[in-house]
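Please read the following account with the sequence and the coordinates side by side. It starts from the core and works outwards to single elements and residues.

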There are 2 protein chains.
Amino acid sequence: MKLTKYTDLGLRLLMYLSLRMDEPVTIQEVSDRFAISKNHLVKISHQLTKAGLIVSTRGRNGGVCLARPPQSITVEEVLRATEDNFDLVECFGDTKNQCVISGACELTSVLLRARAAFFEVLRRVSLADLVKDGKMLEESLLPLCKKTRAGQCKSRPPQAGKRVG
Amino acid sequence: MKLTKYTDLGLRLLMYLSLRMDEPVTIQEVSDRFAISKNHLVKISHQLTKAGLIVSTRGRNGGVCLARPPQSITVEEVLRATEDNFDLVECFGDTKNQCVISGACELTSVLLRARAAFFEVLRRVSLADLVKDGKMLEESLLPLCKKTRAGQCKSRPPQAGKRVG
């Protein structure tokens, strides 16, 4: 039982954007800071744009930013936007279910209750909650940034000009 | 976010054994009744044996049965025996975590709380709870059994003799 890599990366991207609400951020910057694949980040940013969680702007100083205040985006909403589905077992799916005891089996409702309890926790937590100790997060990201960008990077890294996202 | 196929099949096997506490059941019978792969069931039965949830007996009338009363086996225990891990995101793993914000990130504790809430529900449900309406389950399994075993199968299917598991 695990979340997809995309959800994991998507949450990191959104947390970063929650710390950078005052200006668009390039995907290159996020890739450098987290030391994760830019290609993966581009794909996940498309998915998050489609879900209405981020917006991207073109041109000089372009990049991506949150579409809404971080207080209004819950972790549950992110997971629902990035995971393919939450079909814990075969009978949760509408089309591929061939289990012969569907309908007579108590397990379905038990797993539905467990899944609901899981989401209930995530519904109460926003992106703002995740980055409330922003300083500590900044400190954990900055050393890597300095290393990968050969001294260009200060507490606020430079924008990458005409790059989009 | 989904459980493995093995967990899904393992739960079906254990529910079936919970209905058949008075005698060992062959894997062939379970395979026929659920119309699922015997090979998969053999593998999952080895895993469940190793976890101390079922025992297998050889010889005439041999087969597999629950190692303990179904009231004492929770759904949580089954999942812990059959899932590889519950590492929702990279930082949950001990060895492969390369996330640069580990330690400064609130997400880890949030996901841990959500996972705990998920298990809390499953800890309160036993195999006995899952099959409490045994008659309805029997009825959903019987038509298939009749079809696949060409009339041999009555309300209690015949044992398969010397087959083990």
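**The core and the helices around it**

In this predicted model, the largest nonpolar core has 71 residues, and those with the most contacts inside it are Leu14(A), Leu13(B) and Leu14(B). The largest share of this core, 7 residues, is supplied by helix 1 of chain B, which covers residues 5-19. As general background, nonpolar side chains tend to be buried together in soluble globular proteins. Leu14(A), when residues up to four places away in sequence are not counted, touches Leu53(A), Val78(A) and Leu127(A).

Leu14(A) is also one of the buried residues of helix 1 of chain A. This helix, residues 5-19, has 15 residues and reaches 22 Å from its first C-alpha to its last, which is close to the 21 Å expected at 1.5 Å a residue. Helix 1 of chain A is mostly covered, with 11 of its 15 residues buried; among them are Thr7(A), Asp8(A), Gly10(A), Arg12(A) and Ser18(A), alongside Leu9(A), Leu11(A), Leu13(A), Met15(A) and Leu17(A).

Chain A as a whole contains 7 helices and 2 strands, and along the sequence these follow the pattern α-α-α-β-β-α-α-α-α. Of the 165 residues of chain A, 32% count as buried. Where contacts in chain A join residues at least 6 apart in sequence, 69% of them link residues at least 24 apart.

How many residues does each chain bring to the contact between chain A and chain B? Chain A gives 40 residues and chain B gives 40 residues. On the side of chain A that touches chain B, helix 1, helix 5 (107-123), helix 6 (127-130) and helix 7 (134-148) of chain A each supply at least two residues, and the largest share, 9 residues, comes from helix 5 of chain A. Sorted by class, that side of chain A has 26 nonpolar, 2 polar and 12 charged residues.

From the other chain, helix 5 of chain B (residues 107-123) can be followed in some detail. Its 17 residues should span 24 Å at 1.5 Å a residue, and its end C-alpha atoms are 24 Å apart, which agrees. The buried residues of helix 5 of chain B are Leu107(B), Leu111(B), Ala114(B) and Phe118(B); because these fall within an arc of 60 degrees when seen down the helix axis, they line one face of the helix. The buried residues of helix 5 of chain B pack against helix 1, helix 5 and helix 6 of chain A.

The strands of chain B offer another local picture. Strand 1 (residues 54-57) and strand 2 (residues 63-66) of chain B run antiparallel and are joined by 4 bridges, and in strand 2 the bridge partner of Ser56(B) is Val64(B). The two strands of chain B form a hairpin with 5 residues between them, and Gly59(B) in the turn has a positive phi of about 85 degrees.

Finally, Thr74(A) lies in the loop between strand 2 (63-66) and helix 4 (75-82) of chain A. Is Thr74(A) buried or partly exposed? Thr74(A) counts as partly exposed because it has 17 C-beta neighbours inside 10 Å, whereas a buried residue needs 20 or more. Leaving aside neighbours within four places in sequence, Thr74(A) is in contact with Leu122(A), Arg123(A), Val125(A) and Ser126(A). By contrast, the C-alpha atoms of Thr74(A) and Asp94(A), which are 20 residues apart along the chain, are separated by 27 Å.

Notes. Residues numbered from 1 in each chain as written. Chains lettered and ligands numbered in written order. Predicted model: local features only at pLDDT ≥ 70, side-chain atom pairs only at ≥ 80, totals over all residues. Expected span 1.5 Å × (residues − 1). Buried ≥ 20, exposed ≤ 12 C-beta atoms within 10 Å, placed from the backbone. Contact = placed C-beta atoms within 7 Å. Nonpolar A, V, L, I, M, F, W, Y, C, P; charged D, E, K, R; others polar. Arc of directions from axis to C-beta. Pairing = 2+ DSSP bridges. Core = buried A, V, L, I, M, F, W, Y, C linked by C-beta atoms within 7 Å.
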